[in-house]
Amino acid sequence: MDKNTKIYIAGHNGMVGSAVWRALSRLGYANLIGRSSKELDLRNQVEVARFFQHERPEVVIDAAAKVGGILANSEHPYLFLMENLQIQNNLIDSAHHHEVKKFIFLGSSCIYPKMAPQPLKEEYLLTGSLEPTNEWYAIAKIAGVKACEAIRRQFNKDFVSLMPTNLYGPHDNFDLRSSHVLPAILRKFHDAKANNEPVELWGSGTPMREFLHVDDMAQAVVYALEHVLPEHLYNVGTGKDVTIKTLAHTIQNIVGHQGAIHWDRSKPDGTPRKLMDVSKLSDQGWQAKIDLDAGIKMTYDWFLENQKSIKMNVL
């Protein structure tokens with residue numbers, strides 16, 4: 001990939017998009033373009049088509065999405081389904097019609113069935129029912145994966161989908177009403193430490209989750225950019241998981257909270273386990289490098305430095 005290739009990063013201000021931008025900039029890619037949501041409404045088909053006609057990007061990295069945790073998905077199902085469909089459909093279709101050479105679609109491990117065998121393999125897609133707490137977002141992302149597969153099959157274009165496990169890191173969302181599990185727990189322990197209070201967490205603590213630092217995810221995107229991958233769908237993760245209870249104690253130690261932890265078992269646990277089989281991408285030559293303890297420490301340091309400017313409000 002030529003360093004002057006014109007690369008459009010959709011969602012470049014978000015956690016994943018900004019990490020991809022940083023990674024590509026460090027490598028000397030000098031023709032990166034991005035638009036804020038105020039500058040370009042990705043839900044608007046006409047605006048997106050006009051943008052592609054004017055800018056003519058050669059590569060598109062789709063890191064744009066409406067995202068949130070269990071509570072946000074449960075309270076706003078239509079929003080998570082429709083806005084994600086609109087965003088990705090507009091980007092994929094405009095990329096196809098304006099001769100984009102490579103399209104990298106970013107999704108989520110929630111596309112796989114709730115009770116799929118562990119670890120999750122790419123071929124388990126559409127083999128069972130989804131986790132109800134985030135099925136609206138998952139259905140939209142599945143549609144994006146299949147759209148990229150269809151374009152690849154019908155037109156032989158280099159459209160590839162990367163499905164990351166649970167991501168965390170700089171520029172995450174720490175809003176307790178809409179954040180994912182790791183930043184939400186980190187925020188709770190931080191606030192409880194400041195107020196000398198115990199921490200209440202949802203569920204039993206027994207579900208197992210895998211976590212990938214966003215800088216590792218960015219490196220996976222770079223790898224997909226610089227290589228021609230032979231298949232349309234790849235899992236991206238560490239291949240290792242921990243219980244939510246273990247995660248909580250790890251974060252508690254890093255934050256320095258000394259109080260008790262109370263588990264509210266009346267709240268949902270979500271999927272019992274979500275571990276990714278990452279062998280397909282590993283066989284192509286890519287592996288994650290940042291271990292969980294180090295990644296959480298880096299994330300908390302960033303949080304402390306930026307807490308006045310990051311998203312802390314409610315949805």
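Ala, Val, Leu, Ile, Met, Phe, Trp, Tyr, Cys and Pro are counted here as nonpolar, Asp, Glu, Lys and Arg as charged, and the others, Gly among them, as polar. The model analysed is predicted. On this scheme, the lining of the second largest pocket comprises 8 nonpolar, 4 polar and 6 charged residues. The volume of this pocket is about 310 Å³. Its lining has 18 residues, of which Thr238, Lys240, Ala288, Ile290 and Asp291 are the closest to the centre.

The largest nonpolar core holds 38 residues. Tyr8, Leu42, Phe52, Leu91, Phe103, Tyr112 and Met163 touch the most other members. Two or more residues come from each of β1 (7-10), α2 (45-55), α4, β4, α5 and β5. The most come from α5, which gives 6. A further core lies apart from this one. That core has 33 residues, including Val16, Ile61, Ala218 and Leu281.

Tyr8 was examined without its neighbours within four places in sequence. Its contacts include Ile33, Gly34, Arg35, Leu40 and Leu42. Phe51, Phe52, Pro57, Val59, Val60, Ile61 and Leu91 are also in contact with Tyr8.

Helix α5 spans residues 135-155 and has 21 residues. From first C-alpha to last it reaches 30 Å, close to the 30 Å expected at 1.5 Å a residue. Its buried residues include Tyr137, Ile142, Val145, Cys148 and Ile151. Charged side chains are represented too: Lys141, Glu149 and Arg152 are buried in α5. The cover over the buried residues of α5 includes α3 (70-75), α4 (77-97), β4 (102-106), β5 (158-164) and β10 (233-236). Asn156 follows the helix, with a positive phi near 60°.

How values were computed. Residues numbered from 1 in each chain as written. Predicted model: local features only at pLDDT ≥ 70, side-chain atom pairs only at ≥ 80, totals over all residues. Heavy atoms only, no water. Helix = DSSP H or I, 4+ residues; strand = E, 2+ residues; numbered from the N terminus. Expected span 1.5 Å × (residues − 1). Buried < 20%, exposed > 50% of the residue type's maximum accessible area, 1.4 Å probe, protein only. Contact = heavy atoms within 4.5 Å. 1 Å grid on protein atoms, 1.4 Å probe; cavity = no way out; pocket = protein on both sides within 12 Å on 5 of 7 lines; lining within 4 Å. Points joined across faces, edges and corners; volume = space filled by probe spheres on them. Core = buried A, V, L, I, M, F, W, Y, C linked by side-chain atoms within 4.5 Å.
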